[in-house]
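Q: Could you walk me through the charged contacts and any enclosed space in this one? I'd like to go step by step.

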Amino acid sequence: MAKPVVLIAEELSPATVDALGPDFEIRAVDGTDRPALLAALADADAVLVRSATRMDAEAIASAAHLRVIARAGVGLDNVDLPAATEAGVMVVNAPTSNIISAAELTIGHILSLARHIPAAHASLARGEWKRSSYTGTELYEKTVGIVGLGRIGALITARLQAFGVRVVAYDPYVTASRAQQLGVQLLALDDLLAEADFLTIHMPKTPETTGMIGAAQLQRMKRTAYVVNVARGGLIDERALADALRSGTIAGAGIDVFTSEPPTDDALTSLPNVVVTPHLGASTDEAQEKAGVSVARSVRLALEGELVPDAVNVAGGVIDPYVRPGIPLVEKLGQVFSGLADGALARIDVEVHGELAGYDVAVYKLAALKGIFSRIVGEQVSYVNAPLLAEQRGVAVRLVTDAVSEEYRNVITIRGTLGDGRAVSVSGTLTGPKQVQKIVEIHGYDVELPMSDHFVVMLYRDRPGIVAVYGREFGDAGINIAGMQIARREPGGEALSVLTVDSEVPATLLETVRVAIEARLVREIDVDAG
């Protein structure tokens with residue numbers, strides 16, 4: 001019997017091949033040579049890539065036997081996830097391979113800024129001896145603010161303890177007990193900005209976090225403060241940062257990631273009070289070897305039909321055909337749930353009602369957690385590390401099944417409790433022969449809306465004229481409302497409006513609407529189409 005073909009499209013460590021073992025036929029191709037890649041994919045069962053090989057729809061379509069794409073690293077910009085999922089191809093990566101390297105690079109940037117190491121080196125290399133020009137500052141007894149206390153944030157915290165610094169953090173999804181365990185004081189973002197001598201950001205890049213450190217936030221910082229970003233380009237407004245560095249609003253910055261890579265101008269790279277590196281967060285021998293070995297193990301599991309720890313788009317293993325269509329719905333419900341939750345989570349229940357209760361639906365719990373935490377943490381979330389992320393945050397998770405579903409054949413509900421006792425819930429179902437994904441409940445209110453890329457959820461007191469008010473505001477702003485549902489329990493009581501809109505809604509418009517209709521909640525929720 002022929003061995004499965006594993007195609008290696010870029011240079012990987014020898015340990016990667018060793019981890020694959022003798023059960024596969026290993027072939028190599030230059031993934032940047034497009035014709036050669038497409039030809040080699042024709043009979044490949046798996047392909048291993050790094051960042052240079054484009055596994056787009058064309059490449060996937062040319063690989064009739066392909067079962068798994070393995071990215072030896074964290075990012076997946078060069079892999080077409082929707083096309084892979086549609087073709088039934090599993091995509092895996094190595095989400096934790098670079099976390100130590102990224103944490104250590106962050107520490108390196110902090111030390112370089114504190115002691116002016118790159119500038120002093122360049123000066124001495126030019127034959128200068130200007131000791132007094134590079135007087136620095138000690139880290140001892142300084143305050144380091146960490147925005148995003150996930151795995152990398154926790155690693156940075158542990159390493160900073162040896163310097164005798166005070167560590168404060170902003171992360172609305174981390175409980176006080178978890179922060180205490182790490183030796184970190186949780187603060188509101190504005191308070192953290194005002195107190196930090198060094199600020200480092202480790203958040204996922206989402207519509208909500210893009211540009212989260214802008215001109216207003218930089219103005220709140222000390223003039224002696226330093227900012228570091230080795231996470232994602234765009235989390236810090238680059239123009240606002242350059243202005244703040246030129247004007248002396250802050251003292252300096254260490255930047256490893258940029259909105260456009262390589263940067264299209266020298267607005268940041270040319271400034272004397274900036275330390276820049278060319279996206280080196282994962283560029284260590286150890287991180288590269290870990291990435292290769294990790295995805296090699298995932299390829300073995302995938303080709304053996306086992307559950308794959310770092311599967312990005314499917315859970316792997318044996319899943320009943322009746323259960324499988326609900327997986328993307330549940331993951332999207334998790335994203336909606338995360339958008340509705342505005343604080344640290346204490347408990348999550350994933351409830352399955354109806355005929356599905358008679359099947360093994362454990363994958364739904366994984367899909368729900370994956371959807372929830374993909375909006376909360378900075379690292380890549382998979383079906384196996386999602387429960388670990390919940391455990392690390394002290395979140396209790398249950399899967400509840402019930403054969404009774406009164407209105408629909410099947411309903412999946414994600415119900416949660418926040419740390420302050422408030423409840424959050426969202427339910428969905430698949431309807432009709434085309435299995436259309438629909439949301440059928442939010443916060444206990446019955447609705448029925450097709451799943452969309454952009455939702456706006458509003459809670460306000462029911463009274464005449466409200467729809468006209470927010471309809472006018474959205475219309476004046478050029479935001480098209482594609483669908484709308486209003487639910488209430490009694491006339492004059494609280495009402496829920498859920499809108500589907502065709503584009504993202506600016507935060508300023510949401511606040512304008514909230515004030516205009518005196519709402520207790522106005523929130524946009526974005527859902528990934530994949």
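**Salt bridges and a cavity**

Q: Before we start, what is arginine 422's relative accessibility, and what does it count as?
A: Arginine 422 has 39% relative accessibility and counts as partly exposed, where buried means under 20% relative accessible area, exposed over 50% and partly exposed in between, with a 1.4 Å probe and protein chains only. This is a predicted model, in which local features need pLDDT of at least 70 and side-chain atom pairs count only at pLDDT 80 or more, while totals for chains, interfaces and linings use all residues. Residues are numbered from 1 along each chain as its sequence is written, and side-chain values use heavy atoms, with hydrogens and water left out.

Q: OK, and which residue does aspartate 342 form a salt bridge with?
A: Aspartate 342 pairs with arginine 422, and their closest N and O atoms are 2.9 Å apart; a salt bridge here is a side-chain nitrogen of Lys or Arg within 4 Å of a carboxyl oxygen of Asp or Glu. Aspartate 342 sits in the loop between helix 13 (326-340) and strand 13 (345-354), and arginine 422 in the loop between strand 15 (410-418) and strand 16 (423-431), so the pair ties together parts that are 80 residues apart in sequence. Helices (H or I, at least four residues) and strands (E, at least two) are DSSP runs, numbered from the N terminus.

Q: How many salt bridges are there in the whole structure?
A: A search of the whole structure finds 27. Among them is the one between aspartate 349 and arginine 347, whose closest N and O atoms are 3.5 Å apart.

Q: Is aspartate 349 buried or exposed?
A: Aspartate 349 is buried, at 8% relative accessibility, whereas its partner arginine 347 is partly exposed at 32%.

Q: What about glutamate 355, where is its partner?
A: Glutamate 355 forms a salt bridge with arginine 409, the closest N and O atoms being 3.6 Å apart. Glutamate 355 is in the loop between strand 13 and helix 14 (362-373), and arginine 409 is in the loop between strand 14 (396-402) and strand 15, 54 residues apart. Arginine 409 is exposed, with a relative accessible area of 59%.

Q: Switching topic, which residues line the largest cavity?
A: The lining is made of Asn229, Gly233, Gly234, Ile236, Glu238, Leu241, Ile255, Val257 and Leu268, and about 50 Å³ of space lies in this cavity. On a 1 Å grid over the protein atoms alone, a cavity is a set of points where a 1.4 Å probe fits but cannot get out, and lining residues have an atom within 4 Å of a point.

Notes:
1 Å grid on protein atoms, 1.4 Å probe; cavity = no way out; pocket = protein on both sides within 12 Å on 5 of 7 lines; lining within 4 Å. Points joined across faces, edges and corners; volume = space filled by probe spheres on them.
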